Amino acid sequence: MLTLTSRLDVMNRLGRAMADPTRSRILLTLLDAPGHPAELARDLELTRTNVSNHLTCLRGCGLIVATPEGRRTRYEIADPHLTQGLRQLLEAVVAVDEGAPCMDDQCECCA
C-alpha cells in the first residue's frame, strides 16, 4: 500500500515528466507502442540527443523502462497502471478560466 509520502513522490514524478512538452510528446507516443530513440526522434522531429536526454529523465522518474535489443534499446511505459492512468487522464475535461492569467512566467500552455 502506498503511503502519503510515496503517493506524493509519484505525483511529483508525474508532474515533472509531464511539465515538459517534449517529454509529454514522448509519453504520448509510447502510449501507442514501445519505441526506439531513432524512431522517436524521427517521428517527433527532434534530435536523437534531445530524445535521449528526455528518455533519461523519464527513466529517472520511473515512468519508462529500457530493454536492450542487441545494439538498440526499446523504451516503453513502465507499468500498465500508468498506461491506463495516462489514457484516462487524456479523457478528462479541464476547466480553464480564459480570463485568469497564468501565475508562472515560464508557462507556455496559456500563451
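# Exercises on a predicted model

At 65% relative accessibility, Pro68 counts as exposed. The exercises below all use this structure, which is a predicted model.

## Exercise 1: Pro68

Find the element that holds Pro68, and state how far Pro68 is from Leu90 in sequence and in space.

Solution.
Step 1. Pro68 belongs to strand β1.
Step 2. In sequence, 22 residues separate Pro68 from Leu90.
Step 3. In space, the C-alpha atoms of Pro68 and Leu90 are 30 Å apart.
Step 4. The cut-off for an exposed residue is over 50% relative accessible area, so Pro68, at 65%, is exposed.

## Exercise 2: The overall picture

Describe the protein by its helices and strands, their order, its span and its surface.

Solution.
Step 1. Count the elements: there are 5 helices and 2 strands.
Step 2. Read them along the sequence, which gives the pattern α-α-α-α-β-β-α.
Step 3. Take the span of the C-alpha trace along the principal axes, about 50 × 40 × 25 Å.
Step 4. Turn to the surface. The accessible surface is about 8,200 Å², and carbon and sulfur atoms hold 54% of that area.
Step 5. Of the 111 residues in the protein, 24% are buried.
Step 6. Consider the contacts with a separation of 6 or more: 51% of them join residues 24 or more positions apart.
Step 7. For the charges, 12 are positive and 15 are negative, and the mean positions of these two groups lie 11 Å apart.

## Exercise 3: The buried side of α3

Which residues of helix α3 are buried, and what covers them?

Solution.
Step 1. Helix α3 runs over residues 37–44, and its buried residues are Pro37, Leu40, Ala41 and Leu44.
Step 2. These residues are on the same side of α3 because they cover an arc of only 100° around the axis.
Step 3. The cover over the buried residues of α3 includes helix α2 (21–32), helix α4 and strand β2 (72–77).

## Exercise 4: Glu45 after the helix

State where Glu45 lies, give its phi, and decide whether it is buried or exposed.

Solution.
Step 1. Glu45 comes just after α3, in the loop between α3 and α4.
Step 2. The phi of Glu45 is positive, about 55°, although this residue is not a glycine.
Step 3. Glu45 has a relative accessible area of 73%, so it is exposed.

## Exercise 5: Two sides of α5

Sort the named residues of helix α5 into buried and exposed.

Solution.
Step 1. Within α5 (residues 80–90), the buried residues are Leu82, Thr83 and Leu86.
Step 2. Viewed down the axis of α5, these buried residues fall within an arc of 100°, so they line one face of the helix.
Step 3. Pro80, His81 and Gln88 are exposed on the other side of α5.

## Exercise 6: The cysteines

How many disulfides does the count come to? Locate Cys61 and list what it touches, leaving out residues up to four places away in sequence.

Solution.
Step 1. A disulfide is a covalent bond between the sulfur atoms of two cysteines.
Step 2. The rule asks for a pair of cysteine sulfur atoms within 2.5 Å. By this rule the count is 0 disulfides.
Step 3. Cys57 is in no disulfide; its nearest cysteine sulfur is that of Cys61, 4.3 Å away.
Step 4. Cys57 has a relative accessible area of 12%, so it is buried.
Step 5. Cys61 sits in the loop between α4 (48–60) and β1 (64–69). With a relative accessibility of 6%, Cys61 is buried.
Step 6. Leaving out residues up to four places away in sequence, Cys61 touches Arg13 and Arg16.
Step 7. Cys61 and Arg13 are 48 residues apart in sequence, while their C-alpha atoms are 5.3 Å apart.

## Exercise 7: Thr22

Is Thr22 buried or exposed, and which residues does it touch beyond those up to four places away in sequence?

Solution.
Step 1. Thr22 is part of helix α2.
Step 2. The cut-off for a buried residue is under 20% relative accessible area, so Thr22, at 16%, is buried.
Step 3. Residues up to four places away in sequence are not counted, and the contacts of Thr22 are then Leu46, Asn50 and His54.

Key. Residues are numbered from 1 along each chain as its sequence is written. This is a predicted model: local features need pLDDT of at least 70, side-chain atom pairs count only at pLDDT 80 or more; totals for chains, interfaces and linings use all residues. Side-chain values use heavy atoms; hydrogens and water are left out. Helices (H or I, at least four residues) and strands (E, at least two) are DSSP runs, numbered from the N terminus. Buried means under 20% relative accessible area, exposed over 50%, partly exposed in between (1.4 Å probe, protein chains only). Contact means heavy atoms within 4.5 Å. Accessible areas come from the Shrake-Rupley method with a 1.4 Å probe; for residues, only the protein chains shown count as cover. Lys and Arg count as positive and Asp and Glu as negative; His and the chain ends are not counted. The place of a charge is taken as NZ of Lys, CZ of Arg, CG of Asp or CD of Glu. The arc is that of the directions from the helix axis to the C-beta atoms.
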